[in-house]
Amino acid sequence: MKAELDVQLKTVDMYRYNMYYAYTSFSGYFALIMAGVAFVMACRAWDRTGPVYTALYSALGALFILYIPGTLYLRSRQQVHSSPVLSRSLHYVIDDAGVTTSQGEASSTLAWEQVYRFVVTKHNILVCMNPRNAFIIPRDQAAGQYGAITQLAQAHLEAYRLKLK
């Protein structure tokens with residue numbers, strides 16, 4: 001079995017990957033907890049200290065909620081537009097040997113034994129090389145190959161390294 005596809009990453013694809021990474025790590029959970037605490041404090045301040053502290057706590061909560069997605073979007077846009085690799089189309093061949101990426105004359109293969117994790121989200125297929133780096137395959141660009149890709153991953157990876165949606 002083999003799946004071949006060409007992928008052109010867009011800002012939104014990189015943004016979704018960065019959001020996934022940010023909100024499945026400690027810093028993402030911490031930001032959400034701090035935003036919740038700030039909003040609870042805003043509700044408690046309403047009766048006790050008045051509108052000034054309520055506004056300050058609400059602004060702090062909004063900062064925690066909006067800062068991370070805003071900066072991740074700006075970073076994603078900058079990554080996609082300034083990187084010569086990401087601004088052009090990547091060719092993927094996924095087969096029993098592993099995941100081969102090529103662009104122009106350059107090519108590299110990531111063997112299945114080297115795959116850290118294989119994650120399917122609502123919008124992306126992520127072939128993680130380590131905890132931070134991954135090949136990003138947008139599901140809308142892999143529509144016809146999705147079944148073959150997931151079957152290959154299931155055949156070659158242990159269950160703890162798979163996260164299929």
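This is a chat about side-chain pairs and surface patches in a predicted model.

Me: Before we start, what sort of model is this, and how are residues numbered?
Reply: It's a predicted model, where local features need pLDDT of at least 70, side-chain atom pairs count only at pLDDT 80 or more, and totals for chains, interfaces and linings use all residues. Residues are numbered from 1 along each chain as its sequence is written, and side-chain values use heavy atoms, with hydrogens and water left out.

Me: Ok, aromatic pairs. How many are there?
Reply: The count comes to three aromatic pairs. Rings of Phe, Tyr and Trp (its six-membered ring) pair if their centres lie within 6.5 Å; planes under 30 degrees apart count as stacked, over 60 as edge-to-face and the rest as tilted. One of the pairs is Y15 with Y73, which is edge-to-face, at 5.6 Å centre to centre and 75° between the planes.

Me: Where do Y15 and Y73 sit in the chain?
Reply: Y15 is in helix 1 (residues 11-23) and Y73 is in helix 3 (residues 51-82), so the pair links distant parts of the chain, 58 residues apart. Helices here are DSSP runs (H or I, at least four residues), strands are too (E, at least two), and both are numbered from the N terminus.

Me: And Y73, buried or exposed?
Reply: In between: Y73 is partly exposed, with a relative accessible area of 36%. Buried means under 20% relative accessible area, exposed over 50%, and partly exposed in between (1.4 Å probe, protein chains only).

Me: What about Y92, which ring does that one pair with?
Reply: Y92 pairs with F135, again edge-to-face, with 5.7 Å centre to centre and 75° between the planes. Y92 belongs to strand 2 (residues 90-95) and F135 to strand 7 (residues 134-138), 43 residues apart. Y92 is buried at 2% relative accessible area, and F135 is buried at 14%.

Me: Switching to charges. How many salt bridges does the structure hold?
Reply: Two. A salt bridge is a side-chain nitrogen of Lys or Arg within 4 Å of a carboxyl oxygen of Asp or Glu. K2 bridges to E4, with the closest N and O atoms 3.6 Å apart, while R161 meets E158 at 3.0 Å, N to O.

Me: Which of R161 and E158 is buried?
Reply: R161 counts as buried at 12% relative accessibility, whereas E158 counts as partly exposed at 39%. In the other bridge, K2 is partly exposed at 49%, and E4 is partly exposed at 41%.

Me: What makes up the positive surface patch?
Reply: K10, R16, K122, K163 and K165 form it. Patches are made of residues with over 30% relative accessible area and no salt bridge: like charges are joined within 9 Å, nonpolar side chains (Val, Leu, Ile, Met, Phe, Trp, Tyr) within 5 Å. Lys and Arg count as positive and Asp and Glu as negative, with His and the chain ends not counted. Each charge is placed at NZ of Lys, CZ of Arg, CG of Asp or CD of Glu.

Me: Where is K122?
Reply: K122 is in the loop between strand 5 (117-120) and strand 6 (124-128), and K122 is exposed, with a relative accessible area of 61%.

Me: Which residues make the nonpolar patch?
Reply: Y29, I33, V37 and M41 make that patch, which is about 380 Å². Accessible areas come from the Shrake-Rupley method with a 1.4 Å probe, and for residues, only the protein chains shown count as cover. M41 lies in helix 2 (residues 26-48) and is partly exposed at 32%.
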